[in-house]
Amino acid sequence: MSSPKTIKLLNPGPVTLTNQVRQALLREDICHRESEFSLLQSSIRSELVRVYKEAEKDYTAVLITGSGTAAVESMVSSLVPKTSKALVMVNGAYGERMVNMLTVQGKEVYIARSDWTQDINLELAETLLKENPEITHVLAVHHETTTGRLNDIPSLAKLCRKYHKNLLLDAVSSFAGEEIHFNEWNLEACAATANKCLHGVPGISFVIVRKDSLEKKESAATSIYLDLFRHFQEQNKNSTAFTPAIQVCYALSEALKELESLGGWQIRHSYYKTLAKKIFQGLRDLGVKTLLEIDSPSSVVLTAYQVPKNHAYKDLHDFIKSQGYVIYSGLGKFSSDIFRISTMGDFNHNDAKHLLSVFKEFLEQ
Ligand SMILES: *Cc1c(COP(=O)(O)O)cnc(C)c1O
């Protein structure tokens, strides 16, 4: 079998797969109602909850077949009660998406919104929490992939403790790449996916939830498919609510093994960090500016850059792609003037060096 053409993906998921993870997709066919699948499912669930060792005691992982948005929507739908209100921290497209989810679910929402290039607005959050005691949940994006900003969750978590609110995190582009303090932040849940920092294949996502919440609360789900409680109950009986993406689970299991043999998320974090810095410095030397006013990358997972003056995004993208790398455009109002680079997946220092030489060639032509 010939191996696929190697083009390296620098978009924030799906990532360039390692050969071992890609090969895992070809394992034997199994039925999801047979013991082979129950074993696979339970080993993935217990490995996921051990990625951050401190989560193992009080949290459980619930798998959802679907992209990262499915996990976020399942968390938001099932855990925010219809009768209470939620506060959403918004400084990018993924914060806006959670507001949309709550609105579609017919739930009342307060928004602490800041400009997409700014940090989350903690002052406004505190005012809203003080004035509206009926708020039960605070929702935030850990790494806002729209801009590459790692949001100040430690400070937000302190506010949530002070006002006794439950904190829900979209950790889709940070889980296994950035620090997450389940206990200190007193997280009720966070949602993530197989195909970003975990280096798996798209199609499986998951929510890491406090066991207590799933055992003692009632589901607030406004959807059949995305009812987290239903998935939890079935998975705890070694069953599944619906047909899971079996081959994607094989790949996730392999990706989790790779993470473990690497030494865990901390090692992956440092690896991402050195790559992100190398590209950040290399592009700065070429005169490319970042979107955010920063002296070093905010998140280690992704950095957003301004498209250099006198160049069009499309020309930049097409040239870089012709040399073997896919860069990623901006979202919404940033769609034509920024580009983003993420170094998740099978990407190393030689690739980074080559990528910088490709940028140099483009900018000097
Ligand atoms: C990628 C991402 C998502 C989910 O996107 P999908 O396309 O559904 O996988 C959600 N939130 C953040 C912060 C993301 O980066």
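This passage looks at the ligand site and then at the aromatic ring pairs of the structure. The model is a predicted one: local features need pLDDT of at least 70, side-chain atom pairs count only at pLDDT 80 or more, and totals for chains, interfaces and linings use all residues. Residues are numbered from 1 along each chain as its sequence is written, and side-chain values use heavy atoms, with hydrogens and water left out.

Around the ligand sit Ser67, Gly68, Thr69, Tyr94, Arg97, Val141, His143, Thr145, Asp170, Val172, Ser173 and Lys196, where a residue is near a molecule if one of its heavy atoms lies within 4 Å of it. Sorted by class, this shell has three nonpolar, six polar and three charged residues; Gly counts as polar here, and Tyr as nonpolar. Two helices, α3 (68-79) and α4 (93-104), each supply at least two residues of the shell. Helices are DSSP runs (H or I, at least four residues), numbered from the N terminus.

Three neighbours in sequence make polar contacts with the ligand (pairs of N or O atoms within 3.5 Å). A polar side-chain atom of Thr69 comes to 2.4 Å from a ligand oxygen, and an N or O atom in the side chain of Ser67 is 2.5 Å from a ligand oxygen. With Gly68 it is a polar backbone atom, at 3.1 Å from an oxygen of the ligand. Taken alone, the ligand exposes 380 Å², and the protein buries 85% of that; the areas come from the Shrake-Rupley method with a 1.4 Å probe.

On to the rings. The structure holds eleven aromatic pairs, meaning Phe, Tyr or Trp rings (the six-membered one for Trp) with centres within 6.5 Å. Tyr225 and Phe242 are stacked (planes under 30 degrees apart), because their planes meet at 25°, with the centres 5.1 Å apart. Tyr225 is in the loop between α7 (211-216) and α8 (228-236), while Phe242 is in the loop between α8 and α9 (246-262), 17 residues apart. Both are partly exposed (20% to 50% relative accessible area), Tyr225 at 33% and Phe242 at 25%.

Phe319 and Phe362 make a tilted pair (planes 30 to 60 degrees apart), 5.7 Å from centre to centre and with 40° between the planes. Phe319 lies in helix α11 (residues 313-322) and Phe362 in helix α12 (residues 349-364), so this pair ties together parts 43 residues apart in sequence. Both Phe319 and Phe362 are buried (under 20% relative accessible area). Elsewhere, ring pairs join Tyr52, Tyr59, Phe175, Phe182, Phe206 and Trp265 into a cluster.

Terms used: A polar contact is a pair of N or O atoms within 3.5 Å; within protein, one must be able to donate a hydrogen and the other to accept it, and residues adjacent in sequence count only if both atoms are side-chain atoms. Buried means under 20% relative accessible area, exposed over 50%, partly exposed in between (1.4 Å probe, protein chains only).
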